[in-house]
Amino acid sequence: MIIIQDKEKCCGCSACVQRCPKHCISLEEDSEGFLYPKVDKSVCIDCGLCEKVCPIINRADKTEPLRVLAAKNTNEEERMNSSSGGVFLPLAREVIAKGGVVFGAVYDEHWEVHHVFAEKIEDVYPMIGSKYLQSRIDNCYKEAEQFLKQGREVLFVGSPCQIAGLRTFLRNKEYPNLLAVDFLCHGVPSPGVWRRYLAEIYSRDALKEHCRRQAAAGKNSVLLLSLNAKSPIGDIKFRDKCESGWKKFRFVVRSKSASKADQNTVLSSDIHYMNPFMQGFLSDIYLRPSCYACKCKNGVNHSDMTIADFWGINQIAPEFDDDKGVGLVLLNTKKGEEYFSRLPMDMMPSNLEIAHYYNGGFNEHTKAHPKRDQFFFLIENGKSIKAAVEICLRLPFKQRVVRIVKGVVKKVVKKILPASSVQAIKKAVKR
């Protein structure tokens, strides 16, 4: 029977919920906004299946990738609409063209994130782009298993712990028609914090006040066209590259269209490190407890392919970088290699050492922000998400100076490194 006593040992994958034959496990949200399994003991038959499919209890051995690549989708429009190199959409198109099914994360009507499946390419489009939240898997493991047993190809894209959960849910059975793809994960922030942030910033009252100020300043605002809707939000992009490029991607919220004239109206647009929600996320203030010591990264979940951003490509191969996005691709299995070989990609070989150096997503251990507990105390006592983040990130003068010095040193080191990195890539190319 699954009983969560240490929250660091539950990644929230929901494999236990879906595998329970008596349906006596449900997910309940805790005070930090994370979901955890709760067992109805009056119905439980102590079969032990919930424990057998837990990826934390049944941690697999690590594997090493077969190949490491830098990759760019040859379709520039598709790449610009993606978060990095645009690998996902052609991969999904390949699977659907063969009558397959694609599982990925989309927003629901409340702008929270959950997993769904798509059988048509037009239904894949909402899955494109990073969504820095832990998605609800709902019944997707069960649905994927049904499609697999029917012999249909299944592409399942999720966080490292979700892929680990899928593998254990399937009892580690090898399906030749399953392509499991994960991504390098910084950790997942609280869905509860996200929900509250949206309510505070983008509620109808907040929008009315914004419009009032616009009018007082003598500015016309088409945002008024959306005031009759339940929510002013029409689109959210955590990784918008259109205005500032790939490296300085923006967190952009656009309004719901009342007509074609206002379909591109921007409610807010911040460079990612200036947005309050992203600041808290990237500073590790409200990650899920299990994310601070992840048990599902770096080959543990046995994904066929891992996709991410190839940060540092401008240093080691500037001729390959146009600031429109370059993907880092780890081909972990022969199956992953076979699928990827059919995609329309510009690619360049690399190696794991370089990938590790530039991308912190490989880190299995992340130190929780020292003011994490204070953050949750502040919001429980009436502070807004924005105010609580500002308070927690406020540094004393001495620490600010130290941070600036460290930043300068890091830049100097990275200017020195490229020579050796380029040599490593040339050796990889020759091999």
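**Exercise 1. Place Arg59 in the fold and describe its surroundings.**

Leaving aside residues up to four places away in sequence, Arg59 touches Cys294, Lys295, Val300 and Glu364, where a contact means heavy atoms within 4.5 Å. The model is a predicted one, in which local features need pLDDT of at least 70 and side-chain atom pairs count only at pLDDT 80 or more, while totals for chains, interfaces and linings use all residues. Residues are numbered from 1 along each chain as its sequence is written, and side-chain values use heavy atoms, with hydrogens and water left out.

Step 1. Arg59 sits in the loop between helix 2 (49-52) and strand 3 (67-73); helices (H or I, at least four residues) and strands (E, at least two) are DSSP runs numbered from the N terminus.

Step 2. The relative accessible area of Arg59 is 36%, which makes this residue partly exposed, given that buried means under 20%, exposed over 50% and partly exposed in between (1.4 Å probe, protein chains only).

Step 3. The side chain of Arg59 reaches the backbone oxygen of Lys295 at 2.9 Å.

Step 4. Between Arg59 and Asn301 there are 8.2 Å in space, C-alpha to C-alpha, although the two are 242 residues apart in sequence.

**Exercise 2. Determine how the buried residues of helix 14 are arranged and what covers them.**

Step 1. Helix 14 spans residues 385-393, and its buried residues are Ile385, Ala388, Val389 and Cys392.

Step 2. Viewed down the helix axis, these buried residues fall within an arc of 100°, so they line one face of helix 14; the arc is that of the directions from the helix axis to the C-beta atoms. As a general point, an α-helix has 3.6 residues a turn, so residues three or four places apart point the same way.

Step 3. The cover over the buried residues of helix 14 includes helix 7 (191-202), helix 9 (276-282) and helix 13 (372-380).

**Exercise 3. Characterise the cavities by volume and lining.**

Step 1. Searching the whole structure gives two cavities of 30 Å³ or more. A cavity is a set of points, on a 1 Å grid over the protein atoms alone, where a 1.4 Å probe fits but cannot get out, and its lining residues have an atom within 4 Å of a point; grid points are joined across faces, edges and corners, and a volume is the space filled by probe spheres set on the points.

Step 2. The largest cavity holds about 140 Å³, and among its 17 lining residues those nearest its centre are Cys11, Cys161, Ser290, Cys291 and Cys294. Its lining has ten nonpolar, four polar and three charged residues, with Ala, Val, Leu, Ile, Met, Phe, Trp, Tyr, Cys and Pro counted as nonpolar, Asp, Glu, Lys and Arg as charged, and the others, Gly among them, as polar.

Step 3. For the second largest cavity the volume is about 90 Å³, and of its 14 lining residues Cys20, Cys24, Cys44, Cys47 and Cys50 are the closest to its centre. The lining of this second largest cavity divides into eleven nonpolar, one polar and two charged residues.

**Exercise 4. Examine the positive phi of Asn298 and of Asp323.**

Step 1. Most residues other than glycine have a negative phi.

Step 2. Asn298, although not a glycine, has a positive phi of about 55°; Asn298 lies in the loop between helix 9 and strand 11 (305-309) and is partly exposed at 24% relative accessibility.

Step 3. Asp323, also not a glycine, has a positive phi of about 60°; Asp323 belongs to the loop between helix 10 (313-316) and strand 12 (327-331) and is partly exposed at 26% relative accessibility.

Conventions. Polar contact = N/O pair within 3.5 Å; in protein donor to acceptor, adjacent residues only side chain to side chain. 1 Å grid on protein atoms, 1.4 Å probe; cavity = no way out; pocket = protein on both sides within 12 Å on 5 of 7 lines; lining within 4 Å.
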